[in-house]
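I set out to look up the surroundings of the ligand, one helix, and then the chain as a whole. My entries follow in that order.

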Amino acid sequence: MSKILAVANQKGGVAKTTTVVSLGAALADMGLSVLVVDLDPQGCLTFSLGHDPDKLTISVHDVLLGEGAIADALLDTEDKVSLLPATIDLAGAEALLLMRPGREYALKRALKTVEGDYDVIIVDCPPSLGVLTLNGLTAADEVIVPLQCETLAHRGVGQLLRTVTEVQQITNPDLQLLGALPTLYDSRTTHSRDVLADVSDRYDLPVLSPAIPRTVKFAEASASGVSVLGGRKNKGSAAYRELSENLWKHWNGGADLVTIEAV
Ligand code: ADP
Ligand code: MG
């Protein structure tokens with residue numbers, strides 16, 4: 001049985017895609033078999049893993065609409081993770097799915113057929129709370145919410161948490177909210193720390209450790225088509241490796257997740 005993790009936040013630029021790429025690569029480096037799923041019509045995950053969305057003939061769009069088999073859409077990547085890619089077609093899937101019964105379950109149904117092949121499946125949700133994100137949350141066992149530690153970056157968290165609660169009530173009672181993941185974190189500023197403390201107080205939300213530090217390596221990596229873990233050692237990749245180990249100990253050994261207390 002694989003563990004399915006959704007990475008969701010309706011705000012763009014909070015490092016959802018970076019988290020999916022880096023966690024996926026770190027877990028694969030630990031010897032696990034990993035599938036990452038691009039649910040964003042912009043295809044940033046697909047692009048970050050070295051594939052040009054414009055050149056693909058079959059993608060998650062066809063799979064969600066039942067017009068293609070997931071096995072035919074999967075791609076290999078240099079980071080040793082399998083990728084279910086997205087193309088701009090996915091923007092239209094939203095409207096097409098809306099007319100269908102069971103529209104929130106399309107991804108869950110598709111993943112059922114390959115679940116057994118992977119230890120971990122990570123779903124990169126788009127920056128909205130529409131039907132694609134609902135598909136991600138409905139298919140997932142657990143969700144983490146990347147939060148950028150900057151001014152008011154956490155506005156909208158309440159809305160996302162309400163969506164998670166609704167999914168738990170309606171389409172996926174087993175969904176667990178693991179917590180917020182602080183991203184683009186600058187430990188030198190008290191501001192970053194204040195934002196974290198505020199989020200964990202206000203929403204009673206666990207804050208996962210370690211916070212992911214801001215480093216220029218990430219922008220360089222996404223342009224190169226391999227994750228930041230492929231390059232030389234840096235504090236960003238070290239943080240994602242530590243997070244992956246924490247997650248795996250939690251999933252596999254039942255260890256408590258390491259959280260940041262009283263920041
Ligand atoms: P989202 O998927 O939430 O829209 P991305 O993962 O695409 O966010 O990240 C947005 C931008 O921030 C990208 O340019 C990415 O390279 C950059 N970024 C992500 N994480 C970090 C980090 N820890 N340090 C510096 N830049 C980062
Ligand atoms: Mg993204």
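I looked up ligand 1 and found 18 residues around it, the closest being A15, K16, T17, T18 and F218; a residue counts here if its C-beta atom, placed from the backbone, lies within 6 Å of the molecule. The model is a predicted one, in which local features need pLDDT of at least 70 and side-chain atom pairs count only at pLDDT 80 or more, while totals for chains, interfaces and linings use all residues. Residues are numbered from 1 along each chain as its sequence is written, with chains lettered from A and ligands numbered from 1 in the order in which they are written.

I noted that α1 (16–29) and α10 (217–224) each supply at least two residues of this shell, helices being DSSP runs of H or I with at least four residues and strands runs of E with at least two, numbered from the N terminus. By residue type, I count 8 nonpolar, 8 polar and 2 charged in the shell.

I turned next to helix α7 (residues 131–139), where 9 of the 9 residues are buried, so the helix is largely enclosed by the rest of the structure; buried means that 20 or more other C-beta atoms, placed from the backbone, lie within 10 Å of the residue's own. Among them are V131, N135, G136 and A139.

For the whole chain I recorded 11 helices and 7 strands. Its C-alpha atoms fill a box of roughly 50 × 40 × 35 Å along the principal axes, and 49% of the 263 residues count as buried.

Technical notes
Ala, Val, Leu, Ile, Met, Phe, Trp, Tyr, Cys and Pro count as nonpolar, Asp, Glu, Lys and Arg as charged, and the others, Gly among them, as polar. A residue is buried if 20 or more other C-beta atoms lie within 10 Å of its own, exposed if 12 or fewer, and partly exposed in between; C-beta atoms are placed from the backbone.
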